[in-house]
Every structure is written in structure tokens, then in C-alpha cells.
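This report describes one protein chain, going from the fold as a whole to a pocket and then to single residues. The sequence and the structure come first.

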Amino acid sequence: MNESKPFYCNPKHPNFNRRAYHHDYTRAAKYLITFLKKDTTPNLAQIEGLPPFSSYESAYSRLSSTGSVVPIAIADWIYAYPQIHVPAYAIMPDHIHLCVDVTYKLPYGLSRAIGRLKGFISSKYHMSLPEDIRPEQMQTLFEKGFNDRIAYDQEQWNRQIHYTLDNPRRYMLKKCYPDYMLRRWIITVGNEQYVAKGNIFLLKQPHLFQVKYSRKFNEKESQDWMDRCRSLMHNGSIAVSPFIHPMEKAARDYAHQEGFGLIRVCTNGFAERESASGVEFELMAQGRLLLIGPLECNTRKETLTYDWAQSLNRLAASIVETFGRCVCSGLIRPL
């Protein structure tokens, strides 16, 4: 397959158990599947590991007696569905991730196949119980439904596999650094309130500066602008920006590489248990990132317009002006 060619179109309204209305779930496709155990089901695993959690191997799932049947059931499921390949999966305490590659037509679709997998797991757990405590009727271990994230191209499929393999390590990072990874804050900028997630102490640094590039810059002005950004970072200033323009992203990437902190102004708010992803997940775990966005979290994808980008840059400037004066009292509170 051509790696640059999309597998198919992006669903317009993502939600946890919502299917992509445009997609034929019997066709060959690649998915990241997630489904949750019931509250009454014992934990499937315990996540263990040792800091600093720098690689996949630094954290792992120790399967419980309930979770121990999952790998066996997955193997039986793959045998029952020869058109399905599973290059990676993760068994977490309360959910399971699977990277599912459907290589040719599924006669009854993906939902039926995932339903059978849940049934395989529940049945094996049921039969693993001693006869004297085994219920007469088998009970499903899982909540109804599942989430599927369709891989639109090879790059996204690779990211989904990485995300799945990396799940135990991410879990340990969130557990060990909850204030950075999960805690949300309300900040007041002017007459408006916003939500923030990450290292809130970055707002309390003595020097903040806005990263905003002008399309009117000539080549020398562009180089001078980048040199100034780098100099400010090396002098301990914290960059604040939505990082939209390629030159702004280049400044952001420089901060990533050199170990500096960042404050990114976001187009959307954050769900209660939502964490950052990719490079930003690592930065947040290291205390090097603060995300600031609207109070509302919108699941609908929106196109970033010029006016919207300008409003994000104005917010970045207001953040620098407000918190750059080191006047934080009363402007930050936990959500």
C-alpha cells in the first residue's frame, strides 16, 4: 500500500462509541479498538514499573486471574477470524486496546467480530472459575459497545501501534505525576476564564514571551526573529503561543530539543480524564508543558480560520501581559 495514500476519510463527529457513519465496517481496514470492563468485573491487570519510564520495557501489565484469559481468547479469536491480524494489544486494569488489521472482507462486520471477542474472553473466564463458585449463567465482563479509531494512513497506523504498546508506561507516568498529567486549573485572563492542564508553575516563571511570527518578515528579519526566540529560551524565558505558523512550530521544536518549557494556547478545552499525546505527553510528564484552552471541550472538529488564529495569538499576548507581571494571586485556582 502507498504509505502516503489515506485509507479513508476522517469521521466528522468523533465520540467514544460512535461508529463512523461513512465507513463500511465489513471492508478491509485498520483500527485501534478500545473496550471497557464492567464496574463489577475484577481488574484485568495491575500496571507496574520503575521510573523514569523512558521506554516500553519500563512498565508492564501484570495480569490478574481475570485478565490472564485475555491473551488466550485473543489467540482463539484470531484463529476464528483469519482475515484479522492483531500486531499489538494492551491489557489495562479496566480496559483493553487492540490494533486490529482487517485484511479482507468481514461477512458480518466489525461489531459482530468484537462482540465475539468479548464473548470468548467472558466464556474463558467463566469456565476458569471453580465449579462450586461458577455462576449457572455466564455473565459478560464488559460494557456494551467499543471505540474504534480508524487509521487513515500508514503513519497513523504506526502511531496507533506505538500508543497501544506504550499504554502501560503512559499509565505509570499519569499515576506518578497526576498534577502534571491530569489535574486541571481555571485561570483568569482579563475578563475571561480558561482551563489549563500541565505544569501550572510555568505561568509563575519570572519571564514569559510570546512567539508570534509575521508573514511580512524578510529573510534577515526571519533569522533575527528565530535568534531572538532561541536567546530568550536560553535565558530562561517561557514561550507562549498557539504555534500555528511553520516558523512558530520551528521555535517550539527547538524548545522540545533543548529541554525548555512551553505554554501552548489550544483551540479546544480538555475532557476530565484526557491527557496529552505524542511528544506533548512526554513534555507534560517532565513538567515542561502547560496547555491553556477554552472552558468547553468540543468533540466536533473545527477548521482553524485566520480570525480564530488571530484570537489565539491575542490570548497568548494577554497571558504574557497578565502573568509576566508575576501577579498570579487570585488568577489561578484548581478546577
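## Overall make-up

The chain contains nine helices and 13 strands. The model is a predicted one. Of its 335 residues, 45% count as buried.

Contacts between residues at least 6 apart in sequence were sorted by separation, and 70% of them join residues at least 24 apart. The accessible surface of the chain is about 18000 Å², and carbon and sulfur atoms account for 51% of that surface.

## The second largest pocket

A volume of about 280 Å³ is found for the second largest pocket. Its lining includes the run Lys-212, Tyr-213, Ser-214, Arg-215 and Lys-216. Ile-244, His-245 and Glu-248 also line this pocket, as do Tyr-306, Ala-309, Gln-310 and Asn-313.

Which helix gives the most to this lining? Helix α9, residues 306-323, does so with four residues. By class, the lining is made up of four nonpolar, four polar and four charged residues.

## Helix α9

The 18 residues of α9 should span 26 Å at 1.5 Å a residue, and the C-alpha atoms at its ends are 26 Å apart, so the expected and modelled values agree.

Buried positions in α9 are Ala-309, Leu-312, Asn-313, Leu-315, Ala-316, Ile-319, Val-320, Thr-322 and Phe-323. An α-helix has 3.6 residues a turn, so residues three or four places apart point the same way. Two of the buried residues of α9, Ala-309 and Asn-313, are also among the residues that line the second largest pocket.

Val-320 belongs to α9. Its relative accessible area is 17%, and because the limit for buried is under 20%, Val-320 counts as buried. Along the chain Val-320 is 113 residues from His-207, while their C-alpha atoms are separated by 8.5 Å.

## Asp-166 and Arg-169

Asp-166 sits in the loop between α3 (154-165) and α4 (167-176). Is Asp-166 buried or exposed? Its relative accessibility is 3%, so Asp-166 counts as buried. With neighbours within four places in sequence left aside, Asp-166 contacts Tyr-56 and Glu-282.

Arg-169 is part of helix α4. This residue has a relative accessible area of 5% and is therefore buried. Beyond residues up to four places away in sequence, Arg-169 touches Phe-53, Ser-54, Ser-55, Tyr-56, Ser-58, Ala-59 and Glu-282. Ala-59 is 110 residues from Arg-169 in sequence, yet the C-alpha atoms of the pair are 4.9 Å apart. Tyr-56 and Glu-282 thus appear in the contacts of Asp-166 and in those of Arg-169.

## Helix α8 and two positive phi values

Helix α8 covers residues 278-285, and its buried residues are Glu-280, Phe-281, Leu-283, Met-284 and Ala-285. Just after α8, Gly-287 has a positive phi of about 75 degrees.

Phe-243 has a phi near 55 degrees, a positive value in a residue other than glycine. The loop that holds Phe-243 runs between β10 (238-241) and α7 (246-258). With 3% relative accessibility, Phe-243 counts as buried. Ile-244 and His-245, named above, are among the residues lining the second largest pocket.

Note on methods
Residues are numbered from 1 along each chain as its sequence is written. This is a predicted model: local features need pLDDT of at least 70, side-chain atom pairs count only at pLDDT 80 or more; totals for chains, interfaces and linings use all residues. Side-chain values use heavy atoms; hydrogens and water are left out. On a 1 Å grid over the protein atoms alone, a cavity is a set of points where a 1.4 Å probe fits but cannot get out, and a pocket is an open set with protein on both sides within 12 Å along at least five of seven lines; lining residues have an atom within 4 Å of a point. Grid points are joined across faces, edges and corners, and a volume is the space filled by probe spheres set on the points. Ala, Val, Leu, Ile, Met, Phe, Trp, Tyr, Cys and Pro count as nonpolar, Asp, Glu, Lys and Arg as charged, and the others, Gly among them, as polar. Buried means under 20% relative accessible area, exposed over 50%, partly exposed in between (1.4 Å probe, protein chains only). Contact means heavy atoms within 4.5 Å. Accessible areas come from the Shrake-Rupley method with a 1.4 Å probe; for residues, only the protein chains shown count as cover. The expected span of a helix is 1.5 Å times one less than its number of residues.
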